Amino acid sequence: MSESPAARLQKLFEGHRLTPTQRRIAHCMVRGAAEVPFLSSVELAELAGVSQPSVTRFAVALGFDGYPALRRHLREVAPAERAGGGDEDAYNEYQQAVQGEIENLRQLSAMLADPAPVREAGRLLAGSSPLPVLGLRAASSQARGFAYFAAKVHPDVRLLDEGGSMLADRIDAAAGAGASALLCFALPRHPKEVAEALEHARGAGLTVVTVADSAFAPVARHCDLLIPAPVGTGLAFDTACAPMLLGRVLLEAMADALPDAQARLEAFDARAAARGLFVE
């Protein structure tokens, strides 16, 4: 499978130490990868909500003489014409939101062409007992869904979906009980508490694996392994189909790395049948 424009852009930014403003520009470019090669520096600045000189400095930080040189490079690796063409005009606002999520899933599929990061994450999560799973505010549903299914195959999953002063205590308790890794779901808007919790977790000796909306998310510097999955912004509230699916992929990778995962699933099914939990 050939890489998507977003995946190629992601590789362009890897290995560069970017300022928060530059990460914002990079995130904006990844989200609109098919359109960016056709934008002027002023248009990109307006799209990212930064100044035009910031765009120029960003291009120089990537090793180009200026934004025109960066744009020429982008046109070499981007499709020959603007994505979408006239088809986008045929969709209403709700369909456009769905089409945006379909594109997000395509980006996720292209990223998974290299399964090594997911497999490494699965190994780290499988090796941690207990396994704390963190997700606050908008990301709490992602963390809760992962923890619900993970408990079917992992011996000790601890959901951390509430902030406050006790969050650090619960992380310390997990580390004290033998945890070696923590899984975090971090989605916009990024709560300050999440970054603080991840910093605390690393200080406690935990390896932090994170699902975030971008490799340039504010929590990135507090993670040992970050796997990005874009969110949709076509509706009043963000949609998170790609992060949810990536969570299930990580769940699969973790189960593959747990030697007794199948036996635990079968035991659960037997108990559920005996209790009549589900309607057939």
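Me: In this predicted model, which helix gives the most to the lining of the second largest pocket?
Reply: Read a lining element by element. Here α1 leads, with five residues. The elements that each supply at least two lining residues are α1 (5-13), α2 (20-31), α6 (93-111) and β5 (225-228).

Me: What is the volume of the second largest pocket, and which residues lie closest to its centre?
Reply: The volume is about 910 Å³. The lining has 37 residues, and Gln 10, Glu 14, Ala 215, Leu 226 and Pro 228 are the closest to the centre.

Me: How do the residues of that lining divide into nonpolar, polar and charged?
Reply: Sort the lining by residue class. The second largest pocket has 21 nonpolar, seven polar and nine charged lining residues.

Me: Now the rings. How many aromatic pairs does a search of the whole structure find?
Reply: Four. Take Tyr 148 and Phe 149. Planes over 60 degrees apart count as edge-to-face. The planes of Tyr 148 and Phe 149 stand at 80°, with ring centres 4.9 Å apart, so this pair is edge-to-face.

Me: Are Tyr 148 and Phe 149 buried or exposed?
Reply: Partly exposed lies between the cut-offs of 20% and 50% relative accessible area. Tyr 148 has 46% relative accessibility, so it counts as partly exposed. Phe 149, at 36%, also counts as partly exposed.

Me: Which rings does the charged end of Lys 152 sit over?
Reply: Check the distance to each ring centre. Over Tyr 148 the charged end of Lys 152 is 3.6 Å from the centre. Over Phe 268 the distance is 4.9 Å.

Me: Which residues form one aromatic cluster?
Reply: Phe 13, Phe 58 and Phe 216.

Terms used. Residues are numbered from 1 along each chain as its sequence is written. This is a predicted model: local features need pLDDT of at least 70, side-chain atom pairs count only at pLDDT 80 or more; totals for chains, interfaces and linings use all residues. Side-chain values use heavy atoms; hydrogens and water are left out. On a 1 Å grid over the protein atoms alone, a cavity is a set of points where a 1.4 Å probe fits but cannot get out, and a pocket is an open set with protein on both sides within 12 Å along at least five of seven lines; lining residues have an atom within 4 Å of a point. Grid points are joined across faces, edges and corners, and a volume is the space filled by probe spheres set on the points. Helices (H or I, at least four residues) and strands (E, at least two) are DSSP runs, numbered from the N terminus. Ala, Val, Leu, Ile, Met, Phe, Trp, Tyr, Cys and Pro count as nonpolar, Asp, Glu, Lys and Arg as charged, and the others, Gly among them, as polar. Rings of Phe, Tyr and Trp (its six-membered ring) pair if their centres lie within 6.5 Å; planes under 30 degrees apart count as stacked, over 60 as edge-to-face and the rest as tilted. Buried means under 20% relative accessible area, exposed over 50%, partly exposed in between (1.4 Å probe, protein chains only). A charge sits over a ring if NZ of Lys or CZ of Arg is within 6 Å of the ring centre and within 35 degrees of the ring normal.
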